[in-house]
Each structure stands twice: as structure tokens, then as C-alpha cells.
Amino acid sequence: MKRFGYSPTGVEWAGIALILAVFAMTLMSFLPGGCFGMPSSIPYLPPSSSNFLGTNDIGDDVLAILLQGSRVSLSIGLLGATVSTLFGTVIGVFAGFMGGTVDEALGSITDFFLVVPALPLMILLAAYLGPSFMNVVMVIGLLWWPTTARMVRARARQIRGSPFIEGLMGVGARKPYIMFRHVLPNVWGIVLARFVLAVSSSILLEAGLSFIGLGDPQNPSWGMMLHFAMTRGALLHGAWWTFVPPGICISFSSLGFILIGMGMESRYRSSTKSIGDVS
Amino acid sequence: MKQLSPKSYETPSQRLLDSAPLLGCRDVVKIFKSYLKGGFTALAGASISIRRGELLALIGESGSGKTTLAKILAGLIQPTSGEVFFGDKPLAKMGSKDLLHFRRKVQFVPQYPDLALDPTWYIYDSIAEPLRIHKEARTREEELEKVRSVSSRVGLGLDQLRRKPRDLSGGELQRAVLAKAMVLSPDVVIADEPTSMLDPSTQAKIVHQLLEAKKENGFAVLFVTHDLSLAEAISNRVCVMLGGSIVESGAASDVFSSPLHPYTLSLLSGSASGLEMNRGTGCPFYSQCDARMGACSKSSPPEFMTGKARSVRCWLFGQDY
Amino acid sequence: MRFPLFLFRKFLRYLVLVFAIITVNFLIPRLMPGDPMIFIFGEEVYGAAIRNPELFEALTAKYGLNLPLVDQFWIYLMSLFRADFGYSFSYGRQISEIIAERLPLTLIMTVPSTVLSLVAGTAIGLTLGWESDRLPKRLVSAACVAVHSFPTYWLAMLMLLFFSLWLGWAPIGGAPPAGASFVAIVQHLSLPLLVLAIFNTAYVSIIVRGLTIEISEEPFVIAALSKGLGKLNFSLRHLLKPSLPPLLSLFAIEMGFAFSGALLVEIAFSWPGMGYTMWQAVIERDYPLLQASFTMVALVVVSANALADALSYALDPRSRS
């Protein structure tokens, strides 16, 4: 098998292309405002040469908001995924490696969060915390780690049972040392894949929370655009240009990350099959 | 096994048999807990001792408890009862400093070389790791020197040291594992069927290198194997294991030329089948033994000494009969 | 007999889970930054209570807010047992009444769409997983992944745009008026059901496809095929049967998922179920209503999980160990 170099599969290429498109968009949002049509002060103007994606209910240029929103959606996606992956990895490695009571206690907590529906709990927490950028990140990060924790735990358990760990104990290595230097590098592949998948989930969750009205009104995201389209009657007005583009952006960016994550996961699975089979 | 002439290693010198045991255990019982079957007795009162500089072969069929005994001696698993001692100290009563010394001086070589090294680490780092854990090398240069010398002794070149486990063959991996075990200049190397996963020619080369290194450094080896001809060719002393205890032990030449225990006899003649072993009271070989007597089913025979450093657990050799 | 013990332990786990949900629910308003009274009474009632000392006294006494936390918890538990969730100022009604009215409206959407998508998704997933390398199948799989990454509520908005606004086939949203004809009810339900079914079918297909691929690589499958078992016969007997228990646990997760999805879809269709209620509660800052809705949603999802566990226990002897 070819071990050197990382050649993405077709699926991963598709994902990379989608993400590059989103990032290009985010970069464009840093261009000076006048580049994409001015606010026209006429509400629900359909797409035209002066406003490529028309205007919304208060006459703002939809394309300009869309570009601004890409920053919010993407950064919340990345931050939320970082927090949740961090939590999941720490808990998973700890539970999987220590085993016994620690494992059982952490396992019960993980199970709790796996069974309790995440989105309603997020809505509840976000409603109490109040809408703000960091609150959305924290709510996603604190509630989206269980799947990661479970997968990392399973892998860490497998690693813990393999002879090289036993050998290290026999040489006199300490547990924290083994956890950081041996277990962590071995779960790294799954952590990375989970992170990419978590970015996708975080983008979707952020959009969902914003759609309900729990997003930061100071920094309207794509989900917030859908929220306004719903609550301010753009849908009933038939102004499709206000809600079709943000929906496409949410779908494509989350799809892009999902495709890459899936590719990484399957690659990871096939490369570690031999270890899993014996122990 | 043409490369190994039996004569060159088979030297049961009196000096070796007389020296005090370096590592050993007494009456070790190990019961693996299992919620389904209520527990599995892997070791039923096994005693063994390894003397300085000797090559002790532990032979027996699969399921006889060889690996469990080896792991208990290496301090990898805790016995249910009985005690393991290193030098004159029991392992259970060692402080952290003594324990660290034990960990440095007793090294374990596992059965599956492809899982014995961290797949994410370079071979060099894996071999150097024991040095780092015990802070045995003060500088990078000293570490490099030690790793290189121990690697070249087992036939590993710099090229292989720069790779990761997945890019090495099974033989190369086993060499790396051996190098890792020897880098701390141990007193005892416990090798659990180190060559059973390899093809015969590689097997012979690696065993040869292990023996060369042993000659040079003078460490003792506990060689766990089910390969009788290999054991006969390389060992000074032999322990035969059955049903979780040592049924016969003695100098390799004695055991192989004139086995005492009926089980050893059938093992050497190739007719033994450990699967039908008696797991109840009495001798584990009871149900298959041609020479069984009334006493054999009632109680497990104790260790009878039949000569210097020669013992057998069989009622045939009891003074009462 | 392990049967009752096993079920009892499972049951106990779910009881603990429900208790944990209730505890979290109790603690959140009391530990969050801000005045807990706003959260417990709801913003508007709190405003009224501030101006009316008598009402303030009455409310404080009702929730035991001047008592220690443990006593408050007891009062909270007791009121839950009486199904007393408090009063919703935004609706001007008892919360239990609102929920009794709206929970069925959510179930009428989630249960049929879940059943539908499980059946359709299993069929599609089995087809896609078998000889999964063919191009048309890969395209359909990719489409399933794509659909799954669409926000459900956005799909709902698109449907509304096409079918309701442009084609005029379905109503703009909302629940059918009381005493509406069967046709009207179906018209109101069709779009939300369609959106949920599409979304969940895509999800189930992806999972079942993965399971099928995994199983079809197993040696026993290759052996069975080489015996000349027909494909359909084969997929029913060897693929569907072993994948039933994982499918059942999938059903449980799926219910939770469907609920979360349904909550957002309801908002898009102004369908007055639990999701719409939660949305209203968020907008009106009607915290008591929000909390009660969450409790009910969580209880339904946990019950679905318990049900799936019991079913998979009944079907699969392996899960009993």
C-alpha cells in the first residue's frame, strides 16, 4: 500500500472544493463594502446588476450580509468544534486508558448526553445564557462532545490493551506519560476526523440556534438570515433570494466538512484494522 | 535448525546450577476473573527461579500458562497469591525506587512483534525510550551511541531505525523489540515465544543474535517456547509446564535425554494433548497418564527432588511409594 | 436466570437518567447568571410580581424560593408528579394544558416519518451497500449525504416556496382548524411529513449502507454466497437479521434526531407542536414554558430509547450477556 504522501479521494476532493469556495467567500467579506452593491433602501428588491442577490426587508444588500455572515458561521463552526473535540478527546482518552471506576463514571456522563436530545438542551441553555457569540460557541462545545468521547474512548481502550503499552508499563513508564506520549498520538487520527465532522455539525447547530433566534444579533450569521426571512415575512413575500443563498451556504459548507471527515474516517479505519483485529 | 549446533550453547555447568536465584516466584496462583464462567485458573501454584546468566527454557503446550507465568515474572500482571522475588526482595514489598530498579533490570519481549512497538513512533525513539524513562543517557550523543550499538548487535541498521513499525518486516520488528529490551543492559530478559510468529530462517538468525548478545552481556534469559527442538538446542535448563504448574525441571541435557514425568515423556514423543487436561483436583495429567495410581486423582503431587537441581511433580517419585 | 436482573438494571439506568434530566432542569434556572426569579416565574410574571407584593409572596411561597435548595427541589419534584409545570404568561394558561395539546401534534409528525424513513432507509441502505462500488449507487449515496447536511428547516422553507407559494398545492403552514376535514388535515401534514421523511431516510440509508458494507466483508457472507444463495434471499436472511439489533438502537437515536429535526421544521411550517412552542417561549422569554417543553421532549426521547432497548433485548439473545 502507498504510505507516502496523502492523495485525497474523489469524495475528499469534492469536500475540499466546497470548503475552498466558502473560505474564498469569507476572504471576500474583508474587501471594502462598496464592492458588492450598496444598500438600496428599497425592501425586497429582486436580484439585479446593482444588487446581485437583491435586498432584504430593510433594503440591505443580501450578498453583503451573506459575506459578513460567512465569517460568523465559519468561526463559530471552528471554535465550537475545537471546544467539543478538546472535551471529547480528554474525556475519551482518560476513560479509555484508566478503565475501571473512572471509565464507568465518565461513561455514564457520556451516555447521559448521548441520550438526552442535544438540540433542545442547547436551546434551553442558550436561552438562559442569552444570545452572544461566545455563548453559542460554549453551548455547542459543551454539548457536542459525547460522540467524540465515545469513539476516542473505544480506540484508547484498544490501544491500552495492545502489547506495547504493557511493555511500557514493564519498563517503568508512568501512566500520564503513556497517556500523553503514546495513547494520544494513536488516537490522533480519529480526533482529527472527528474534529472535521464536528465543524460540520457546529455550523449546522449554530444555524439551528440562530434560526430559533438564539444567535448573536450583533453578528448575523447565515442561520440568522433564515431567522429573519421567517419572522419578517420574506418567505410569505416570495423573496427567495433572502433565504435560498444562506441555506445553500450552510448546506455546502457543512457538506464539505462532512465529506472530508468521512474520507478521513474510512482511511483511518482501513489503516488501523490490523491492530483492532488482534487485541 | 542447522545454524545452531546443540553443543555450542548447551553447557549445564555446575557453576550455573549452584548460583543463587536472581528472579523467581513461589507458589504463584493466578485466577482470571470472568463474569461468565466464574473465573479461570491460569496458574495453580507455579514456582520457578532464574539464575544469573543462564538460559532457562519454559516449555509447554498452548494453554499451559507459560505466558501468564512469564508476565507475572516480568511484573506485568499481579498474581492472585504467591510471591515474586527479584534478588532477595519480594516484588510486593518493594518501594518505588526498588521497583524502578526491577523494571530496569528485568525486560520482557512479547509474542507479537508487530504490536510490541508504538505504531506512531520511529523505531529509533522506541528503542531509546527506556533510556529516556530511566534517564540513562545524559546527552543526545550518548543516547545515539547506545541505541546504535545495541541495534547493530541484533542486526538493525540505521536505515531501519529511521522508519516506523509498519514499514518493517516481522523479523526486523522482533530485532527492534529485542534491542529495546537490551538497551538498559538488563540482568534478565524474559522472551515470550519471541520467534513463533516468524519464518524458520529468520527465527534461527534472531535466536542466534540473542544468544550472542547474551554471551557478551551475561544476562539471563527465560525463553518461553513450545518449540522443543529449539529449547533443546539453546537452553541450559528446562522447565516443563502443564496445567498451570511446573511438572518437571532440570538441566536441559537430563530432561531431554531422560524425562521423568509421564507428561514430559509424551510431550517429547509427540503424543501429548493438553486439551484433555484434568482441571479438577489431583494431577493435571491424571486422565491421560498411563502410570496413574490412586493418589494421582486425590491430590496434586508436590515437588520431589530427584537429583541436584532436578525436580518432578509426580507421585511416581514420592518416597511413600 | 439473568432475564429480570438485566432488564431491571437497564430500567434503573433510565430512571437515573430521568432523574438527572429533572435535576439539571431544576438547577439551570437557579444557577445561571441572573435573577433566578425571572427564570422561574417568567419575565412578565416577574415584572408584575415586583409591583405587587402579595403576588410576590404567593409565588415565592409556591416555589419555596426562600427555602434551602433541597426543599426547593422537593417542592419541584412534587409539582412534577402532579404534572404541574406552572403558568405560562405568554399563553395565559396552565403549561400542562398547553403541552397536552401540543405534544400529540409533534408525535403525529415524528412517529410516522420515523417509521417511514426506517423502512425506506433500510431498503435503500441495503441496496446501496450491496456492491457499493457501482457508480449509480455511489451517486445516490452521495446524494443521501448531501441531503443529510441540509438544514431541515431550510428544506421546509424551500418546500413552502415551491408547493405552497408558487404551485398553491398545500397551505402556507399552521395546524388544520378544529373539525377540519380529513383532506385538509392531510394537506397540512403532507409537507412537514415529507421534509422529515426525506431527511431521516437519507440518514438511515447512510447508516444501513455502512452496516451492510461492513457485514458483506465478513467471511461468513463470502462463504454463504459461494454456496450459491440468491442475493435477495441472502440479504434478507444474512444481512437484515444480524443488523436488526443495531437498527433498533438506531431507531432510538433516530427518534431523538427526528425530534430535534422536527422541532425546527415545525417552526418553519408554523405547526403548533413542541418545537413551535419552544420557539415561542424563547421569543417571549417564557422560561417556565421552555423548561416544561424541554422536559417533555427529553422524556419522550428517553422513553423511545428504553423501548428500543427492550425490543432489541427481546429480539437478540446476544445482548443479554
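**Exercise 1: a helix in chain B**

Task: Take helix α8 (residues 170-182) of chain B and find how far it reaches from its first C-alpha to its last.

Solution:
- Step 1. Know what you're looking at. This is a predicted model, in which local features need pLDDT of at least 70 and side-chain atom pairs count only at pLDDT 80 or more, while totals for chains, interfaces and linings use all residues. Residues are numbered from 1 along each chain as its sequence is written, chains are lettered from A and ligands numbered from 1 in the order in which they are written, and side-chain values use heavy atoms, with hydrogens and water left out.
- Step 2. Check the term. Helices (H or I, at least four residues) and strands (E, at least two) are DSSP runs, counted off from the N terminus.
- Step 3. Get the expected span: 1.5 Å times one less than the number of residues. α8(B) has 13 residues, and 18 Å is expected.
- Step 4. Compare. The helix reaches 18 Å, close to that expectation.

**Exercise 2: what surrounds the helix**

Task: Is α8(B) largely enclosed or not enclosed by the rest of the structure, and why?

Solution:
- Step 1. Set the cut-offs. Buried means under 20% relative accessible area, exposed means over 50%, and partly exposed lies in between (1.4 Å probe, protein chains only).
- Step 2. Count. Twelve of the 13 residues are buried, so α8(B) is largely enclosed. Among them are Glu172(B), Arg175(B) and Lys180(B), along with Leu173(B) and Val177(B).
- Step 3. Look for the cover, using contacts (heavy atoms within 4.5 Å). From chain A, the cover includes α7 (163-171). From chain B, it includes β6 (106-109), α5 (123-133) and α9 (200-217).

**Exercise 3: ordering an open sheet**

Task: In what order do the four strands of the open sheet in chain B stand, and which ones are at the edges?

Solution:
- Step 1. Recall the basics. Strands of a sheet pair through backbone hydrogen bonds, either parallel or antiparallel. Here, two strands count as paired if DSSP finds at least two bridges between them.
- Step 2. Follow β1 (residues 21-32) of chain B to β2(B): they pair in the antiparallel sense over nine bridges. You can spot Leu23(B) with its partner Ile50(B), and Phe32(B) with Phe40(B).
- Step 3. Now go from β1(B) to β4 (residues 81-86) of chain B, where five antiparallel bridges turn up. Cys25(B) sits opposite Val84(B).
- Step 4. Put it together: the order is β2-β1-β4-β5, with antiparallel pairing. β2 (40-51) and β5 (89-90) have a single partner strand each, so one side of each is left without a neighbour in the sheet.

**Exercise 4: a hairpin**

Task: How many residues lie between β9(B) and β10(B) in their hairpin?

Solution:
- Step 1. Find the pairing. β9 (residues 237-242) and β10(B) run antiparallel and are joined by six bridges; Val240(B) partners Glu248(B).
- Step 2. Read the turn. Two residues lie between the strands, and Gly243(B) there has a positive phi of about 55°.
- Step 3. Check the other partner. β10(B) also pairs with β12 (residues 310-312) over two antiparallel bridges, with Ser249(B) opposite Ser311(B).
- Step 4. Look at the cover. In β10 (residues 245-251), seven of the seven residues are buried.

**Exercise 5: chains B and C**

Task: Fill in a table for chains B and C, giving helices and strands, buried share and accessible surface.

Solution: Accessible areas come from the Shrake-Rupley method with a 1.4 Å probe, and for residues only the protein chains shown count as cover.

| Item | Chain B | Chain C |
|---|---|---|
| Helices and strands | 13 and twelve | 13 and two |
| Buried share of 321 residues | 54% | 49% |
| Accessible surface | about 14,300 Å² | about 15,500 Å² |
| Share of that surface from carbon and sulfur | 51% | 70% |

**Exercise 6: an annotation against the model**

Task: What percentage of residues 12-32 of chain C is helix?

Solution:
- Step 1. Read the record. UniProt (unreviewed entry) annotates "transmembrane region" on several stretches of chain C, including 12-32 and 289-315. Positions follow the numbering used here, feature names are shortened, and annotations may be inferred rather than shown by experiment.
- Step 2. Check the model. Residues 12-32 are 95% helix and 0% strand, with end C-alpha atoms 30 Å apart.
- Step 3. Repeat for 289-315: 100% helix, and ends 39 Å apart.
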